[in-house]
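Visitor: I am new to this structure. Could you show it to me and take a few questions?

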Amino acid sequence: MTNRNSDLPLQSQTDNVLVGFLGKRRNVGKSLSFADLTTPSGQVIQICSRAQDDGHAHQAFRQVPGNAPVRVQITREPPASQDAQDASAVTGSKQLVYLQGIDQLNDFPSQIFVTPNSVFPQNKRHLQIRFHKDLQLRLRFRSWLKGFMSQRLLDKGFVDVETPTLFKSTSEGAREFLVPARRRSNASPPHAYALSQSPQQYKQVLMASGIGRYMQWARCYRDEDFRADRQPEFSQASTAFIS
């Protein structure tokens with residue numbers, strides 16, 4: 001059975017399965033190798049492979065290219081041997097597990113070289129996020145902050161209402177993004193919607209409808225000049241209440 005990484009105990013007497021991206025391998029002679037495994041949760045775990053435990057798994061481990069996604073079968077019980085003492089000396093304070101089997105899930109292009117300062121083009125944005133932890137931390141912090149703020153407002157009696165994105169065009173505010181509709185007739189001109197700049201009018205309708213405390217994370221669209229303080233698409237924490 002495959003467990004989630006967050007469900008795996010720190011100390012276990014049974015075999016477990018981990019998935020993640022294998023980092024650069026370090027070989028200590030022919031019978032001992034190490035590599036960092038980065039799990040989907042961002043945790044970095046040290047994998048120790050010993051030829052005397054399973055020669056086939058050890059050879060497979062040494063053939064997996066760096067940064068490739070893998071599934072590994074591991075044990076967390078340190079074997080009583082001189083190699084285990086050497087492993088503890090090499091890994092230091094990192095959490096150490098011992099390899100029992102490995103499956104390479106996909107390849108990683110050999111022509112891509114990854115360094116701490118690598119900048120990838122837009123068509124490889126997934127690699128930029130994957131190899132730069134600060135970008136991942138920003139996404140995780142945004143997720144935490146959004147959940148924290150939403151829960152605090154819900155605890156205070158606010159109602160989370162999702163308002164439509166397609167709206168009628170108005171003459172106020174910034175320029176709008178127009179979305180043509182397929183609905184047409186000979187008697188009327190072509191029909192189009194505007195992407196909502198903000199949920200202001202929907203918010204007023206809710207207030208008049210008796211929803212005294214309203215909240216939502218609204219998606220807003222504004223056709224403005226590209227500047228550092230302007231974005232064509234962004235999220236807005238929209239709230240309103242009647243005291």
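What follows is a short set of questions and answers about this predicted model.

Visitor: Is strand β3 largely enclosed or open, and how many of its residues are buried?
Guide: Buried here means under 20% relative accessible area. Leu32, Phe34, Asp36 and Thr38 point one way from β3, while Ser33, Ala35 and Leu37 point the other way. Both groups are buried. So β3 is largely enclosed by the rest of the structure, and its buried residues number seven of the seven.

Visitor: Why do the side chains of a strand fall into two groups?
Guide: In a regular strand, side chains alternate between the two faces of the sheet. In β3, Ser33, Ala35 and Leu37 form one group. The group pointing the other way is Leu32, Phe34, Asp36 and Thr38.

Visitor: How many bridges join β3 to β4?
Guide: The strands β3 and β4 run antiparallel. One pairing is easy to find: Leu32 has Arg50 in β4 as its bridge partner. The number of bridges joining β3 to β4 is seven.

Visitor: Which residue of the β3 and β4 hairpin takes a positive phi?
Guide: Look between the two strands, where the hairpin has five residues. The phi in question is near 95°. The residue is Gly42.

Visitor: Which residue in β3 stands opposite Arg26?
Guide: Start from strand β2, residues 26-27. It pairs with β3 in the antiparallel sense over two bridges. Their hairpin has four residues between the strands, and Gly29 there takes a positive phi near 75°. Opposite Arg26, in β3, stands Phe34.

Visitor: And which residue in β3 stands opposite Phe21?
Guide: Here the pairing is between β1 and β3, which run antiparallel. Two bridges join them. Opposite Phe21 stands Thr38.

Visitor: Does β6 run parallel or antiparallel to β4?
Guide: Strands of a sheet pair through backbone hydrogen bonds, either parallel or antiparallel. With β5 (residues 69-75), β6 is joined by six bridges and runs antiparallel; there Ile74 has Leu99 as its partner in β6. With β4, β6 shares three bridges, and Ile47 has Val97 as its partner in β6. The sense of the β4 and β6 pair is parallel.

Visitor: Which strand lies between β8 and β9 in their open sheet?
Guide: Three strands form this sheet, with antiparallel pairing. The edge strands are β8 (166-167) and β9 (178-180), each pairing on one side only. Three bridges link β9 to its neighbour, where Val179 has Tyr193 as its bridge partner. The order puts β8 and β9 on either side of β10.

Visitor: How much space lies in the largest pocket?
Guide: Rolling a probe the size of a water molecule over the atoms shows where empty space is left. The largest pocket is lined by 24 residues, and Leu22, Gly23, Lys24, Asn67 and Phe131 lie nearest its centre. Elements giving two or more residues to the lining are β1 (16-22), β3 (32-38), α3 (125-131) and α4. The space in this pocket is about 570 Å³.

Visitor: Is Phe148 buried or partly exposed?
Guide: Phe148 lies in helix α4, residues 133-155. With Phe141, Trp144 and Met149, Phe148 makes a nonpolar surface patch of about 430 Å². Its relative accessible area is 40%, so Phe148 is partly exposed.

Terms used: Residues are numbered from 1 along each chain as its sequence is written. This is a predicted model: local features need pLDDT of at least 70, side-chain atom pairs count only at pLDDT 80 or more; totals for chains, interfaces and linings use all residues. Side-chain values use heavy atoms; hydrogens and water are left out. Two strands pair if DSSP finds at least two bridges between them. Patches are made of residues with over 30% relative accessible area and no salt bridge: like charges are joined within 9 Å, nonpolar side chains (Val, Leu, Ile, Met, Phe, Trp, Tyr) within 5 Å. Accessible areas come from the Shrake-Rupley method with a 1.4 Å probe; for residues, only the protein chains shown count as cover. A salt bridge is a side-chain nitrogen of Lys or Arg within 4 Å of a carboxyl oxygen of Asp or Glu. Buried means under 20% relative accessible area, exposed over 50%, partly exposed in between (1.4 Å probe, protein chains only). On a 1 Å grid over the protein atoms alone, a cavity is a set of points where a 1.4 Å probe fits but cannot get out, and a pocket is an open set with protein on both sides within 12 Å along at least five of seven lines; lining residues have an atom within 4 Å of a point. Grid points are joined across faces, edges and corners, and a volume is the space filled by probe spheres set on the points.
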